[in-house]
Amino acid sequence: MKKYWNESRECATLHEMRALQSFRLSQTVRHVYQNVPYYKAKMDELGVTPDDIKGVDDLSKLPFMYKQDLRDTYPYGLFAKPLDEVVRIHASSGTTGKQIVVGYTRKDLEIWDECAARALTAAGGDHTDFMHVSYGYGLFTGGLGVHGGAEKIGMTVIPVSTGNTQRQINIIKDFGSTLICCTPSYAMYIAETMQEMGIKKEDIKLKAGLFGAEPWTQEMREKLEDMLGLKAYDIYGLTEIIGPGVSFECEEQTGMHICEDHFIPEIIDPDTGEVLPEGEQGELVFSCITKEAFPLLRYRTRDIAVLSRKQCSCGRTLIKMLKPRGRTDDMLIIRGVNVFPSQIEAVLLSMGNSDPFYQIIVDRVNNTDTLEIKVELSDNMFSDIIRSVEDIENNIKSAIESTLGISAKITLVEPKTLTRFEGKAARVTDKRKLLD
Ligand code: DLL
């Protein structure tokens with residue numbers, strides 16, 4: 001079994017990597033400057049020319065790109081190649097605003113397949129695997145992204161897409177799927193449905209799952225590994241950069257290696273734009289240095305992360321990003337306290353007997369923010385006749401208060417009453433936004 005998909009890149013020395021990045025960056029800046037009038041205008045405004053960008057150290061001279069830039073140039077205004085060279089379009093609607101559109105040349109798709117193949121190899125996959133893809137296929141990058149990587153490796157791909165969970169489970173069992181790719185929320189739903197169908201983890205052959213497209217916690221990882229009998233790996237990406245495979249976990253599971261020979265990461269202070277040193281938390285910014293059709297430079301992802309060059313036991317030298325806690329725009333400010341929904345999930349799951357089915361409702365009543373967390377009773381809790389509902393609610397309430405420093409109303413609801421998600425979970429309702 002191959003340990004690395006592309007050893008010379010994944011295990012390059014820092015010196016080699018920086019030389020490669022510098023060369024590719026200066027070429028890409030020239031390509032974008034010459035072919036994207038919108039970007040040229042942005043650079044001209046700052047008085048920066050392609051000659052000023054000789055290497056990685058000059059990166060911070062370039063202007064930032066924001067989601068708004070993609071919206072302002074909708075649909076093709078940022079494409080750096082003629083449309084007849086574009087062989088694929090993907091798009092993301094996001095939760096708010098106009099959708100954004102990205103394009104890939106044939107070479108861009110090869111780069112994507114390469115990155116996804118690295119991720120699948122790092123999760124222990126090879127050409128003998130049966131890979132069950134339950135990410136959505138379509139304009140969303142999840143399905144086709146991991147699909148391309150799996151085919152490149154020569155796996156047997158089962159392109160199920162989302163939906164019809166019982167049928168998915170029968171396929172996993174009957175076709176002998178060994179790897180699965182889907183959102184962690186959908187993996188949880190599959191695990192729960194499997195139990196309902198009376199199928200045990202010993203009845204299936206899954207050995208690893210590549211779960212991503214949304215933040216998830218270490219506690220959720222343990223739950224999924226236990227319920228599905230597999231090793232759960234994180235995989236990260238975003239439509240604007242390439243889709244799944246921008247970064248991926250290895251067996252050490254302490255962060256995701258970024259394919260930095262294709263995407264240079266930076267961490268910045270989201271308020272000032274200042275580049276922060278390695279190890280500090282801030283907003284993740286990516287520059288694409290090999291793509292042809294849609295090479296965004298210094299793109300502000302709004303994801304909050306930390307970069308680390310600490311030596312990894314897997315042997316890869318690719319820089320790591322620690323699990324993103326969420327996006328700046330997902331962060332809830334409740335009575336002045338910053339809370340990521342993933343922190344609430346961590347508290348709920350750390351209590352041991354709850355499943356990760358919950359809903360967060362934020363509102364403003366009499367000018368004060370309120371937080372309500374609906375928690376679905378697990379079968380464990382339901383059968384715990386010794387403790388009253390009130391006891392359980394109080395326990396959760398004090399755990400949330402002591403960990404996050406805010407009070408919350410906890411409402412327990414009956415098993416299997418909260419919505420299940422086949423793609424990205426939508427667990428937060430912020431009613432204040434509707435009021436604004
Ligand atoms: O979610 C691409 C993807 C598909 C990644 C399948 C992994 C697996 P978008 O729909 O554009 O693309 O959403 C991108 O999702 O900026 C993060 O906020 C979030 N995200 C993606 N992966 C992770 C992850 C795809 N592993 C946005 N952990 C990103 C936390 C993630 N957040």
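In this predicted model, an open sheet is built from 9 strands in the order E4-E3-E5-E6-E7-E8-E9-E14-E13, with mixed pairing. Its edge strands are E4 (156–158) and E13 (307–308), each of which pairs on one side only.

Helix H6 (residues 141–153) lies across this part of the fold, over E3, E4, E5, E7 (231–238) and E8 (243–249), and runs at about 65° to E8. Helix H8 also packs on the sheet, where H8 touches E5 and E6, and its direction makes about 125° with that of E5.

**Strand E5 and its neighbours**

Strand E5 covers residues 179–182. Leu179 and Cys181 point one way from E5, while Ile180 and Cys182 point the other way. Are these residues buried or exposed? All are buried.

On one pairing, E5 runs parallel to strand E3 (residues 130–133), and 3 bridges join the two. Within this pairing, Met131 stands opposite Leu179, and Val133 has Cys181 as its bridge partner. E5 also pairs with strand E6 (residues 208–212), again in the parallel sense, over 4 bridges. Here Cys181 stands opposite Leu210. Cys181 is thus the partner of Val133 in one pairing and of Leu210 in the other.

The connection from E5 to E6 goes through helix H8 (residues 184–196), and the three elements make a right-handed β-α-β unit.

**Other strand pairings**

A further open sheet has 4 strands in the order E10-E11-E12-E15, and its pairing is antiparallel. E10 (263–268) and E15 (326–327) are the edge strands, each pairing on one side only. E10 and E11 (residues 282–288) are joined in the antiparallel sense over 6 bridges, with Glu266 standing opposite Val285.

Strand E18 (residues 358–365) takes part in two pairings. With E19 (residues 368–376), the sense is antiparallel and there are 8 bridges; Ile361 stands opposite Glu372. The hairpin of E18 and E19 has 2 residues between the strands, and Asn366 takes a positive phi near 50° there. With E21 (residues 428–430), E18 pairs in the parallel sense over 3 bridges, and the bridge partner of Val362 is Asp430.

The pairings described above are listed here.

| Strands | Sense | Bridges |
|---|---|---|
| E3 and E5 | parallel | 3 bridges |
| E5 and E6 | parallel | 4 bridges |
| E10 and E11 | antiparallel | 6 bridges |
| E18 and E19 | antiparallel | 8 bridges |
| E18 and E21 | parallel | 3 bridges |

**Nonpolar cores**

The largest nonpolar core has 74 residues. Which residues have the most contacts inside this core? They are Leu120, Met131, Phe263 and Phe286. Helix H5 (residues 106–122) supplies the largest share of the core, 8 residues. A second, separate core has 23 residues, including Phe211, Met220, Leu224 and Met227.

Two of the residues with the most contacts in the largest core touch each other: Phe263 is in contact with Phe286. Leaving out residues up to four places away in sequence, Phe263 also touches Cys115, Ile241, Ile242, Val246, Ile258, Ser287, Cys288, Ile289 and Lys291. Met131, listed with Phe263 among the residues with the most contacts, is the residue that stands opposite Leu179 of E5.

**Aromatic pairs**

The count of aromatic pairs comes to 8. In one of them, the rings of Phe211 and Trp216 have centres 5.8 Å apart and planes at 80°. The pair is edge-to-face because that angle is over 60 degrees. Both Phe211 and Trp216 are buried, and Phe211 is one of the residues of the second core. Elsewhere, ring pairs link Tyr76, Phe79 and Phe294 into a cluster.

**Gln21**

Gln21 is placed in helix H2 (residues 14–35). Its relative accessible area is 2%, which is under 20%, so Gln21 counts as buried. What does Gln21 contact, apart from its neighbours within four places in sequence? The contacts are Val56, Glu260, Ile264 and Ile289. Of these, Ile289 is also touched by Phe263. Asp261 lies 240 residues from Gln21 in sequence, yet the two are 6.0 Å apart in space, C-alpha to C-alpha.

Terms used: Residues are numbered from 1 along each chain as its sequence is written. This is a predicted model: local features need pLDDT of at least 70, side-chain atom pairs count only at pLDDT 80 or more; totals for chains, interfaces and linings use all residues. Side-chain values use heavy atoms; hydrogens and water are left out. A nonpolar core is a set of buried Ala, Val, Leu, Ile, Met, Phe, Trp, Tyr and Cys residues joined through side-chain atoms within 4.5 Å. Buried means under 20% relative accessible area, exposed over 50%, partly exposed in between (1.4 Å probe, protein chains only). Contact means heavy atoms within 4.5 Å. Two strands pair if DSSP finds at least two bridges between them. A crossover is right-handed if, with the strands pointing away from the viewer, the path from the first strand over the helix to the second runs clockwise. Axes are lines fitted to C-alpha atoms, for helices over the stretch in contact, and angles run from 0 to 180 degrees between N-to-C directions. Rings of Phe, Tyr and Trp (its six-membered ring) pair if their centres lie within 6.5 Å; planes under 30 degrees apart count as stacked, over 60 as edge-to-face and the rest as tilted.
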